[in-house]
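Subject: Structure handover and notes

Dear colleague,

Please find below the structure that I promised to pass on to you. My notes on it follow directly underneath.

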Amino acid sequence: MESPFRPKEHPWLGLAGQNELAKFKSSRSCPMSLSIANNLIIPLTQHDLPAIMQIERRAYDFPWTEKVFEDCLGGDYLCRGLYEKGELRAYAVLSIAVGECHILNVCVAPEFQGRGVASGFLLSLLDIARERQAEIVFLEVRASNIAALALYSKMGFSEIGRRNGYYRNGESREDALVLSLPLLS
Ligand SMILES: CC(C)(COP(=O)(O)OP(=O)(O)OC[C@H]1O[C@@H](n2cnc3c(N)ncnc32)[C@H](O)[C@@H]1OP(=O)(O)O)[C@@H](O)C(=O)NCCC(=O)NCCS
């Protein structure tokens, strides 16, 4: 079967990022499997909030608050969780409207990162976006987030802009890269 991914180019990583990525790949103890076939992707509800927060707080230096998730879960967002053996492994929050899909959060539990979970999960979510008539996907990502940049680069996203000082980063600020991906039907 033809790979759904484009060739692995990592245009935004810079030299330091590419070195970090290479180091990560050689240190990875298990091979990329992209086997999310046995996992369940289901709509998230308020009941999932404790499990979401448990992952969110460990995965991000600047996690979303519970209130933000509550609003998303109660609002008009696509909130999906990837469950394996009854446990939440990954989740995502997307907004889809007027032909556009915005990825607002995608997160994999730290102990399951680097195994192809996000790659498979995102492909399924983009299928849903396509079914809901989205023609293009947008997202913002920290310029220093090597794992996320590697993921989006692999999926064929392109950089379309940069927001200077968009994110809080301790006492200072950090740029966001704005990425997009056309969804071909
Ligand atoms: C970004 C994130 C979702 C990736 O999830 P994942 O399941 O580990 O991703 P995958 O295993 O599918 O890997 C995707 C690519 O990223 C690379 N990658 C994954 N983790 C990495 C790491 N820690 N360092 C460097 N590269 C990494 C993989 O090598 C792979 O690239 P490759 O196919 O060229 O080898 C995950 O690291 C995460 O949840 N981070 C915290 C939350 C976050 O930053 N979300 C993104 C917000 S924009």
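What percentage of the 185 residues of the protein chain count as buried? The share is 25%, where a residue is buried if 20 or more other C-beta atoms lie within 10 Å of its own, exposed if 12 or fewer, and partly exposed in between, with C-beta atoms placed from the backbone. Please bear in mind that this is a predicted model, in which local features need pLDDT of at least 70 and side-chain atom pairs count only at pLDDT 80 or more, while totals for chains, interfaces and linings use all residues. Residues are numbered from 1 along each chain as its sequence is written.

The overall layout comes first. The protein chain contains five helices and seven strands, taken as DSSP runs (H or I of at least four residues for helices, E of at least two for strands) and numbered from the N terminus. Along the sequence they follow the pattern α-β-α-α-β-β-β-α-β-α-β-β. Among contacts in the protein chain with a separation of 6 or more, 63% are between residues 24 or more positions apart, two residues being in contact if their C-beta atoms, placed from the backbone, lie within 7 Å.

The seven strands form an open sheet with mixed pairing, in the order β1-β2-β3-β4-β5-β7-β6; two strands pair if DSSP finds at least two bridges between them. Its edge strands, each pairing on one side only, are β1 (40–43) and β6 (158–169). On average, and with direction ignored, neighbouring strands of this sheet are turned by 25 degrees against each other.

Starting from the β1 edge, β1 and β2 run antiparallel and are joined by four bridges, with Pro 43 having Arg 80 in β2 as its bridge partner. Arg 80 also stands opposite Ala 92 in β3, and β2 and β3 pair in the antiparallel sense over seven bridges. These two strands form a hairpin with two residues between them, and Lys 85 in the turn has a positive phi of about 50 degrees. By contrast, β4 and β5 run parallel, joined by four bridges, and His 102 has Phe 138 in β5 as its bridge partner. Side chains alternate along β5: Val 137, Leu 139 and Val 141 point to one face and are buried, whereas Ile 136, Phe 138, Glu 140 and Arg 142 point to the other and are not.

At the other edge, β6 pairs with β7 (residues 172–182) in the antiparallel sense over eight bridges, and Arg 162 stands opposite Leu 177 in β7. Gly 161, which is found in strand β6, is exposed because it has 11 other C-beta atoms within 10 Å.

As for the helices, α4 (residues 117–131) lies across β1, β2, β3, β4 and β5, and runs at about 35 degrees to β3. The axes of α2 (residues 49–59) and α3 (residues 66–74) come within 11 Å and cross at roughly 135 degrees, where axes are lines fitted to C-alpha atoms, for helices over the stretch in contact, and angles run from 0 to 180 degrees between N-to-C directions. The crossing angle is why α2 counts as oblique to α3, since angles under 35 degrees count as roughly parallel, over 145 as roughly antiparallel, 65 to 115 as roughly perpendicular and the rest as oblique. In this contact, Leu 49, Ile 52 and Met 53 of α2 meet Glu 66, Phe 69 and Glu 70 of α3.

With best regards
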